[in-house]
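Subject: Structure handover

Hello,

Here is the structure for your files. My notes come after it.

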Amino acid sequence: MLITFDIGGTSIKYGIFTLRKGQPVFVMQNEISSDARVLKGPGILQRVETLIAKAMQQQDIEGIAISTAGMVDAEKGCIQYANDNIPEYTGLAFKQLLEARFHMPCWVENDVNAAALGETVFGAGRGAAHALMLTIGTGIGGAVVIDHTIYHGYSGSAGEIGYMWVKDRHFQDIASTTALIQHVEAKTQEADLNGKIICARAKRGDAVCMQAIKELCSHIAIGVSSCACLMNPQIIILGGGIMTQKELFAPLMEAYLKQYMNEEIYAHTQLAFAQLGNRAGMAGACAYWMIKEGIQFA
């Protein structure tokens, strides 16, 4: 069994993971506040250490698998860079510190990369060798899977597609949930909207919300089409909170991808929506741990 974590600026998800007939099973799963701005990086490490020590008293733990926000040096298992959402997180050497204390293998991966690996090993893209995953939320996260392996790039920053320049702006400035909310609030002069409210209104026939969602999907498709020209993915997986509304987004995304994508590439590219939900990062971290330790998924 592995203890696995998904560490973000607002919460720490954790669980005990095992495989049964090739399927991920969480023997235990929980979530606590990360209190990141108060505890900062060292405090989060201490919280993780406490959870590991407690789990070891209850289960036979063989390893530690971590999915985390921030840019990660996946070989060294340390945080290469993190913004102010988690102060004093940059440079935190999870792998070195946790292996020294608990004497078991620890592997660490970026959260979007882990989610992509989770979906291609256990979820919507199961079995796909070449995949592009986007998480649509406050910004846009991206991850690239090539030959069943996360592609990290030269300095570990591959997949940061939210910073691509699209229509004279960063991709995430026009194609994220934040952009959708800003669009609708500007049109309606309302405040405190969120993606869930906007999607519900669109389903009820609200013209402003439906038009905003169409524009969002158009912008997503433009960015995805550019990525597809470069990497020719077998599957494109869309995740993030609003993308759970598959019945609303799937037909729009298919139509816009067909409009913008090269015809030959479109014919050989599958569109899918993430299936693992908030377990994707933890499942992917475990998949990464197993890959690095040479353990088969079967």
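The notes below cover the cores, one helix and one sheet.

This is a predicted model: local features need pLDDT of at least 70 and side-chain atom pairs count only at pLDDT 80 or more, while totals for chains, interfaces and linings use all residues. Residues are numbered from 1 along each chain as its sequence is written, and side-chain values use heavy atoms, with hydrogens and water left out.

The largest nonpolar core (buried Ala, Val, Leu, Ile, Met, Phe, Trp, Tyr and Cys residues joined through side-chain atoms within 4.5 Å; buried means under 20% relative accessible area with a 1.4 Å probe, protein chains only) has 43 residues. Helix H7 (residues 207–231; helices are DSSP runs of H or I, at least four residues, and strands runs of E, at least two, numbered from the N terminus) gives the most to this core, with 11 residues. A second, separate core of 32 residues includes Phe 122 and Trp 289.

Phe 249 is among the residues with the most contacts inside the largest core. Beyond four places in sequence, the contacts (heavy atoms within 4.5 Å) of Phe 249 include Cys 199, Ile 213 and Phe 273. Phe 249 is also one of the buried residues of H8, whose cover includes H6, H7, E13, H9 and E14.

An open sheet of five strands runs E10-E9-E8-E13-E14 with mixed pairing (at least two DSSP bridges between two strands). Its edge strands are E10 and E14. E13 and E14 pair in the parallel sense over four bridges, and Ile 235 has Gln 270 as its bridge partner in E14.

Regards

Technical notes
Buried means under 20% relative accessible area, exposed over 50%, partly exposed in between (1.4 Å probe, protein chains only).
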